[in-house]
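Good morning, colleagues, and thank you for coming. I should like to take you through one protein chain, beginning with the whole and then turning to selected places within it.

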Amino acid sequence: MARQSLSGKVVVVTGGAQGIGAATAAALHRRGARLVLGDLDRIRAEKTAGELGPDVVASPLDVTDTAAFTAFLDDVERTIGPIDVLINNAGIMPLSPLDEEDDAATRRLLEINVHAVVHGTREAVMRMKPRGRGHIVNVASMAGKSGFSGAATYCATKHAVVGLSESVRLELRGTGVEVSCVMPAVVRTELASGLGEARFIKSVGPEDVAAAIVDALERPKFDVFVPKSLDLTGRITRLLPRAFGEWLVRALGGDQLLASAAHSPERAEYEGRAARSAPSAVPPGGSS
């Protein structure tokens with residue numbers, strides 16, 4: 001299949017100020033895409049956009065405010081042009097055992113990692129389907145294919161993103177609109193502060209995920225594993241009896257990969273920032 005050019009394509013990246021979003025924006029900018037970065041951190045988003053070039057637009061965006069999210073997309077289409085690609089990348093990963101997670105944290109995870117992706121995907125479908133073209137990229141995780149202690153709700157949200165993406169892909173078959181679901185291993189960004197290395201799967205950098213996203217846009221495909229070996233690892237693990245598979249994960253230290261970082265000093269700054277993210281996610285008077 002010939003590579004599709006990204007030059008001149010209007011691409012929106014949520015959570016585009018840093019991490020995977022910023023790395024993806026940089027990779028797409030090198031391909032000539034016209035970029036709009038939406039992020040709750042307006043100052044950091046503007047800094048990232050400024051470093052990429054004067055043609056990159058940064059706008060404040062709380063993805064949990066659905067009316068504001070829709071208005072943001074409307075503004076992009078009004079001022080720049082029809083959106084060719086929407087990358088639903090914004091997400092958080094607070095860590096704790098489920099019985100230590102308060103309701104505000106649960107609600108915030110569900111609103112940012114699930115509801116915002118559902119809303120963004122729906123908005124993209126409504127805009128792209130009538131035009132018969134477009135590409136929706138939903139950033140999930142290898143946690144969307146399995147469970148990890150210390151991150152029960154986070155894993156639940158990423159399973160939801162995988163299921164959403166698979167379902168919408170079927171709904172859009174034959175419409176000309178593509179869907180890609182990105183499932184990376186641990187990505188060395190602020191979100192992974194305090195996490196160690198798993199013996200069976202190496203962590204990756206945001207640039208690795210960015211390269212995989214660009215490749216999926218140029219040569220459309222649904223499953224985007226980073227690294228690619230995750231796909232084979234998952235297939236083999238699913239063939240094993242559950243008890244043996246779980247023993248193998250424990251033997252390799254994977255069962256404590258996320259749990260061991262919960263409440264660690266290295267994560268304090270990130271956890272604090274995640275707790276303040278998306279003010280629309282928790283209603284007034286909600287616990288925090």
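**Overall architecture**

Of the 288 residues of this protein, 50% count as buried. Please keep in mind throughout that we are looking at a predicted model.

The secondary structure comprises 9 helices and 7 strands. With a radius of gyration of 18 Å, close to the 19 Å that the globule rule gives for 288 residues, the protein is as compact as a globular protein of that length. Along the principal axes, the C-alpha atoms fill a box of roughly 50 × 50 × 35 Å.

How much of the contact pattern comes from residues 24 or more positions apart? Among contacts with a separation of 6 or more, such pairs account for 72%.

As for the surface, the accessible area is about 13,300 Å², and carbon and sulfur atoms contribute 55% of that. There are 33 positive and 34 negative side chains, and the centres of these two sets lie 6 Å apart.

**The parallel strands**

Let me now turn to the strands. I begin with β4, which covers residues 85–88. In a regular strand, side chains alternate between the two faces of the sheet. In β4, Val 85 and Ile 87 point one way, while Leu 86 and Asn 88 point the other way. Are these four residues buried or exposed? All of them are buried, Asn 88 included.

Which strands pair with β4? One is β1, residues 10–14, which runs parallel to β4 and is joined to it by 3 bridges. Here Val 11 has Val 85 as its bridge partner. Another is β5, residues 134–139, also parallel to β4 and joined to it by 4 bridges. In that pairing, Ile 87 is partnered by Val 137.

From β5 we can step on to β6, since these two strands pair in the parallel sense over 6 bridges. Ile 136 stands opposite Val 179 in β6. Strand β6 spans residues 177–184, and 7 of its 8 residues are buried, so this strand is largely enclosed by the rest of the structure.

**Helix α6 and what follows**

I move next to helix α6, residues 206–218, which contains Asp 215. The relative accessible area of Asp 215 is 14%, and this residue is therefore classed as buried. Which residues does Asp 215 touch, leaving aside those up to four places away in sequence? They are Arg 3 and Lys 221.

Arg 219 sits in the loop between α6 and β7. Because its relative accessible area is 35%, Arg 219 is partly exposed. Arg 219 and Ala 2 are 217 residues apart in sequence, yet their C-alpha atoms are 7.2 Å apart in space.

Further along the chain, strand β7 covers residues 223–226 and helix α7 covers 229–239, with Pro 227 in the loop between them. The peptide bond from Val 226 to Pro 227 is cis, with omega near 0 degrees.

A second proline, Pro 241, is found in the loop between α7 and α8, the latter being residues 242–251. Is Pro 241 buried or exposed? At 56% relative accessibility, Pro 241 counts as exposed. Pro 241 lies 37 Å from Gly 120, C-alpha to C-alpha, and the two are 121 residues apart in sequence.

**Summary**

To conclude, the parallel pairings described here link β1 to β4, β4 to β5 and β5 to β6. Thank you for your attention.

Conventions:
Residues are numbered from 1 along each chain as its sequence is written. This is a predicted model: local features need pLDDT of at least 70, side-chain atom pairs count only at pLDDT 80 or more; totals for chains, interfaces and linings use all residues. Side-chain values use heavy atoms; hydrogens and water are left out. Buried means under 20% relative accessible area, exposed over 50%, partly exposed in between (1.4 Å probe, protein chains only). Contact means heavy atoms within 4.5 Å. The radius of gyration is taken over C-alpha atoms; the globule rule is 2.2 Å times the number of residues to the power 0.38. Accessible areas come from the Shrake-Rupley method with a 1.4 Å probe; for residues, only the protein chains shown count as cover. Lys and Arg count as positive and Asp and Glu as negative; His and the chain ends are not counted. The place of a charge is taken as NZ of Lys, CZ of Arg, CG of Asp or CD of Glu. Two strands pair if DSSP finds at least two bridges between them.
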